[in-house]
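The following exercises concern side-chain contacts, ring geometry and burial. Each task is followed by a worked solution.

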Amino acid sequence: MTQTPTPTPASVQGPSGASGLTEPSSNGVPRRSSLTQNTLPSWLWIAMLGGSLVLGAALSALFGFNLATWFIFTAVIYILSSYFLTRTKVNGRRATDGLWTNLVYLAFLIALMPLISVIWSVASVGIQGLMAPGFLSSDMQGITGLVDEASQTEGTPVLGGIFHALIGSLLITLAATVISVPIGLLTSIYLVEYAKGGPLSRAITFFVDVMTGIPSIVAGLFAGAAMAWFLSVFSGVTGLLTTQRSTLGITAAIALSVLMVPVVVRTTEEMLRVVPNELREASYALGVRKWRTILKVVLPTAISGIASGVTLAIARVIGETAPILVTAGFVVNTNWNLFQGWMTALPVYIFRQFQNPTSPNFSDPSEQRAWAAALVLILIVMGLNLFARLIAKFFAPKQTGR
Amino acid sequence: MTSSLTQSDKRGVAGDRVFSALTVSAGVLILLTLAFVALFLTVNSRDAVYQEDQGGWILTAFFDYAYPLVIGTLIASFIALILAAPVAVGVALYISHYAPPRFSKGIGYVIDLLAAIPSVVYGAWGMSFLGPALIPVYGWLHENLGFIPLFAGDPSQTGRTIFTAGVVLGVMILPIITSVCREIFIQTPKLHEEAALALGATRWEMIKMSVFPFARAGIISGIMLGLGRALGETMAVALVLSPGMLTASLISSGNSTIPAEIALGFPEAPPGSERQAQLIAIGLVLFLITLLVNMTARWIVSRHKEFSGAN
């Protein structure tokens, strides 16, 4: 065997030829195979990353050290140096490949940063407010600027809670679900089971897609205007409810339904389409009517996907602020009646506590309550998302074993 | 005379008819709702452009009121798009082609978590954390690039500027663009990818030659959907931005967007007043803009449907 680094047939065919990047030979000089000759050693990127971290820290220290500039300098140094090193030592094509690999990894890291930052900022501030006495079980009735002021100047606990907002969110979302699930479900049944590609079904598909993009605030404006019109017509015809105002919990529920229906239609439609046709045909062959086939065969098969889609739709609308703000208003006491008086929802509560602190001079108690409410809201939404995935996973129809 | 074979069993016919009528009416109800959305907004915004006591049509007054808001909305959305689109495509590529296959599904869930965070929480985050963190950046931009009109003007001391709002919007639309792109990238025919690799292409060349041409329509429609979402996003902007006059400067306070203007103004506007009509009218303008963006996105997708597999 030759000891030179130049490739020979022997080094390629030899037992150690293609197996590794560099093989230490008897006298310690690395011998390179022709297959791996044109690559850089595999440990190099770690060394370069370490070097870039040190250099980045040094450069960042020049401008007053902080994490952001450290990250930026490290990324720039690492990506540029590995590009030029590969370009000179290997070839341009590999250098371009490596450059884009690094950029893709960088994109992923950048995307993670806001997620971590948001969750950290909400959790770190919100825990404290969540631990305040009666935060989950009391509303804001009787909590005035003076109460908040006392908590700052005299050290009394921060009072006031989100009970009214939780009840409001729960009732409004529940009503929106009751309105939009039947409509969405029936529409998707029409699209999958009845439509034959005619103009009506194409129009519905297209406009459901368009509806997905309606700005939430526009849905709120629509619901408010529609409810005001309905009430004026209703009281004009019957003479009842002449003093009724349109700012109601149910108006907010209608606004949320406008946002929720397209989501339900899209997810349910997908789930119904994956129900195997053999099941429908077997049912027809037994002489079962179409509507009973749909209710007894198709829907039960797809129910897990539908349930998880509906849960995701609920998770989406429960965090909506703008449509509820313009339709249901905000109050400090607990309102259990969707059809009478203003209602507060959790996101609106957060918004108001930030925007108009209870005590204008001491905004800290309001912000503490708002962050804690934000933490509760995030936990609810993430819990719903997790729940949806669990439904989809554990109640999925069996693929085999019939 | 009918035999028992040709005579059909009438039981359940009513059920069939009722059920199919129900499904059709649900679909029609959706179409009607959308029509009513347009109708109600149009009718209720009449007072904004027509006032008897001001001599009939006041279109110029409304235009003067609306155009800074439209431009502000577009600026914030485009900042969001410029920041989010490259990152989102990169993340989608990471999930579909770079991440270890065992983790790629979990990573997808993590990115979806970004979409699960309510917009008001993003607004609070942008107002209390991101804005103050960006103050030194604005100072630096003003000192070194102040000759560009975008960075002229006094840098904001609270960080609550249109640029901060754009960054927050960018974070919010990232998961949408990512999930659309990811779905399309995964659908790239394996044979195309393997053929490219077999010819000696590097991974990037394979992506450039087989994944991007296949996914182009999907990427564009994902970006358009993100744009639609950014245009209509309310709470994040309402909390982050301290609204003001239209200015070209991105780093001083000023500018406003349509949704934020409605959210801040509507609870204070008395019902039936001209102010409320004005707010509903700019809501209608916003509705039309997003409608246009979304329809363009759908049209691009449907045009490429036959040969791209994107839908």
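A polar contact is a pair of N or O atoms within 3.5 Å; within protein, one must be able to donate a hydrogen and the other to accept it, and residues adjacent in sequence count only if both atoms are side-chain atoms. This is a predicted model, in which local features need pLDDT of at least 70 and side-chain atom pairs count only at pLDDT 80 or more, while totals for chains, interfaces and linings use all residues. Side-chain values use heavy atoms, with hydrogens and water left out.

**Exercise 1.** Determine the surroundings of A:Asp209, and state whether this residue is buried or exposed.

*Solution.*
Step 1. Locate the residue: A:Asp209 belongs to helix 7 (residues 199-212) of chain A. Helices (H or I, at least four residues) and strands (E, at least two) are DSSP runs, numbered from the N terminus.
Step 2. Classify its exposure. Buried means under 20% relative accessible area, exposed over 50%, and partly exposed in between (1.4 Å probe, protein chains only). With a relative accessible area of 11%, A:Asp209 is buried.
Step 3. List its neighbours, taking contact as heavy atoms within 4.5 Å. Leaving aside residues up to four places away in sequence, A:Asp209 touches A:Arg266 and B:Arg298.
Step 4. Identify the polar contact: the side chains of A:Asp209 and A:Arg266 make one at 2.3 Å.

**Exercise 2.** Classify the ring pair of A:Trp371 and B:Phe129 and explain why it joins two chains.

*Solution.*
Step 1. Apply the criterion: rings of Phe, Tyr and Trp (its six-membered ring) pair if their centres lie within 6.5 Å; planes under 30 degrees apart count as stacked, over 60 as edge-to-face and the rest as tilted. The structure holds 20 aromatic pairs over all chains.
Step 2. Begin with an example: A:Phe206 and A:Phe207 are edge-to-face, at 5.3 Å centre to centre and 85° between the planes.
Step 3. For A:Trp371 and B:Phe129, the centres are 5.8 Å apart and the planes stand at 85°, so this pair is edge-to-face.
Step 4. Because A:Trp371 lies in helix 14 (residues 364-394) of chain A and B:Phe129 in helix 5 (residues 119-145) of chain B, the pair joins two chains.
Step 5. Compare exposure: A:Trp371 is buried at 3% relative accessible area, whereas B:Phe129 is partly exposed at 33%.

**Exercise 3.** Which residues do ring pairs link into a cluster?

*Solution.* The cluster consists of A:Trp100, B:Phe185, B:Trp204 and B:Phe212.

How values were computed: Residues numbered from 1 in each chain as written. Chains lettered and ligands numbered in written order.
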